[in-house]
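Subject: Structure for you to look at

Hello,

Here is the structure I said I would pass on. Please open it next to this message and follow along.

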Amino acid sequence: MSHTPSWALALLLLPATLLAQTTPAEQIAGYAAQSGQAAQVAQGQQFFTTKHGKDWSCSSCHTAKPTVEGKHATTGKVIAPMAPAFNPQRFTDAAKTEKWFRRNCNDVVGRECSPAEKADVLSWLASLKS
Ligand code: HEC
């Protein structure tokens, strides 16, 4: 009988689980697929730079042109640029992206962002080249 032992399968799957490395393009595609519509760059900019009924917009900490460093609205702590062209570490770790979307959308919008909103924001950030 020839079948693959389960320990061998576990070894094969291990690296993929441990190193959840990804790219901005993969994350945009993933959120767009979840939302069932194409990412919209202009909507992403609009969403990021305007307030949603609370004190802050995303720009309050990340600036309205996130190719540059931001500054935390309350602690003053410097935040590295959000645009991947100016910060290659951005959106390379899906768990980190999700964690901060959850926290920041709750602060700014009072709820989690939808997959469409995430796809729009990421596509705008990824479009910023200068
Ligand atoms: C009160 C300040 C603050 C506001 C407002 C804010 N953020 Fe952030 N954001 C942070 C901090 C701090 C980090 C983590 C530090 C870092 O990644 O450089 C972060 C990180 C992120 C990340 C993780 C990026 C990555 O590298 O994967 C995303 C995505 C993000 N923010 C999106 C948003 C969006 C969308 C909004 C508006 C809905 C927003 N943020 C509003 C402070 C803020």
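Below is what I found, from the overall fold down to single residues.

Please keep in mind throughout that this is a predicted model.

Overall fold

The chain has six helices and two strands. Read from the N terminus, the order of the elements is α-α-α-α-β-β-α-α. Of the 130 residues in the chain, 25% are buried. Among contacts with a separation of 6 or more, 59% join residues 24 or more positions apart.

The nonpolar core

The largest nonpolar core holds 20 residues, and Ile28, Ala119, Val121, Leu122 and Leu125 have the most contacts inside it. Helices H2 (24–35), H3 (41–49), H5 (94–109) and H6 (115–127) each give two or more residues to this core. The biggest contribution is that of H6, with seven residues. As background, nonpolar side chains in soluble globular proteins tend to be buried together.

Helix H6

H6 deserves a section to itself. Its 13 residues should span 18 Å at 1.5 Å a residue, and its end C-alpha atoms are indeed 18 Å apart, so the two values agree. Because 10 of those 13 residues are buried, H6 is largely enclosed by the rest of the structure. The buried ones are Ala116, Lys118, Ala119, Asp120, Val121, Leu122, Ser123, Trp124, Leu125 and Ala126. Note that the list includes Lys118 and Asp120. The buried residues of H6 pack against H2, H3 and H5.

Leu122 is a useful residue to centre the view on. This residue of H6 has 27 other C-beta atoms within 10 Å and is therefore buried, the cut-off being 20 or more. Leaving out residues up to four places away in sequence, Leu122 touches Pro24, Gln27, Ile28, Tyr31 and Phe91. Leu122 also lies 9.4 Å from Gln45, C-alpha to C-alpha, although the two are 77 residues apart in sequence.

Helix H3

In H3 the buried residues include Gly44, Gln45, Phe47 and Phe48. These four cover an arc of only 165 degrees around the axis, so they sit on the same side of H3. The general background is that an α-helix has 3.6 residues a turn, so residues three or four places apart point the same way. H4 and H6 are among the elements that cover the buried residues of H3.

The ligand and helix H5

The ligand is surrounded by 21 residues, the closest being Cys58, Cys61, Trp100, Asn104 and Val108. Two elements, helix H4 (59–62) and H5, each give two or more residues to this shell. H5 gives the most, with nine residues. By type, the shell divides into 13 nonpolar, five polar and three charged residues.

H5 itself has 16 residues and reaches 21 Å from its first C-alpha to its last, close to the 22 Å expected at 1.5 Å a residue. Just after H5 comes Gly110, with a positive phi of about 80 degrees.

The loops

Which residues other than glycine have a positive phi? Thr63 is one, with phi near 70 degrees, and Phe91 is another, with phi near 55 degrees.

Thr63 is in the loop between H4 and strand E1 (70–71). It has 18 C-beta neighbours inside 10 Å and so counts as partly exposed. Phe91, in contrast, is buried, because 22 other C-beta atoms lie within 10 Å of its own. Phe91 lies in the loop between strand E2 (78–79) and H5, and is one of the residues that Leu122 touches.

Arg90 lies in the loop between E2 and H5 as well. Is Arg90 buried or exposed? With 21 C-beta neighbours inside 10 Å, Arg90 counts as buried. Apart from neighbours within four places in sequence, Arg90 is in contact with Pro24, Met82 and Pro84. Pro24 also appears among the contacts of Leu122. The C-alpha atoms of Arg90 and Thr22 are separated by 10.0 Å, with their positions 68 residues apart along the chain.

If you want a short route through the model, start with Leu122 in H6, go on to Phe91 in the loop before H5, and end at Trp100 and Asn104, two of the residues closest to the ligand.

Regards

Definitions and conventions: Residues are numbered from 1 along each chain as its sequence is written. A nonpolar core is a set of buried Ala, Val, Leu, Ile, Met, Phe, Trp, Tyr and Cys residues joined through C-beta atoms within 7 Å. A residue is buried if 20 or more other C-beta atoms lie within 10 Å of its own, exposed if 12 or fewer, and partly exposed in between; C-beta atoms are placed from the backbone. Two residues are in contact if their C-beta atoms, placed from the backbone, lie within 7 Å. A residue is near a molecule or strand if its C-beta atom, placed from the backbone, lies within 6 Å of it. Ala, Val, Leu, Ile, Met, Phe, Trp, Tyr, Cys and Pro count as nonpolar, Asp, Glu, Lys and Arg as charged, and the others, Gly among them, as polar. The expected span of a helix is 1.5 Å times one less than its number of residues. The arc is that of the directions from the helix axis to the C-beta atoms.
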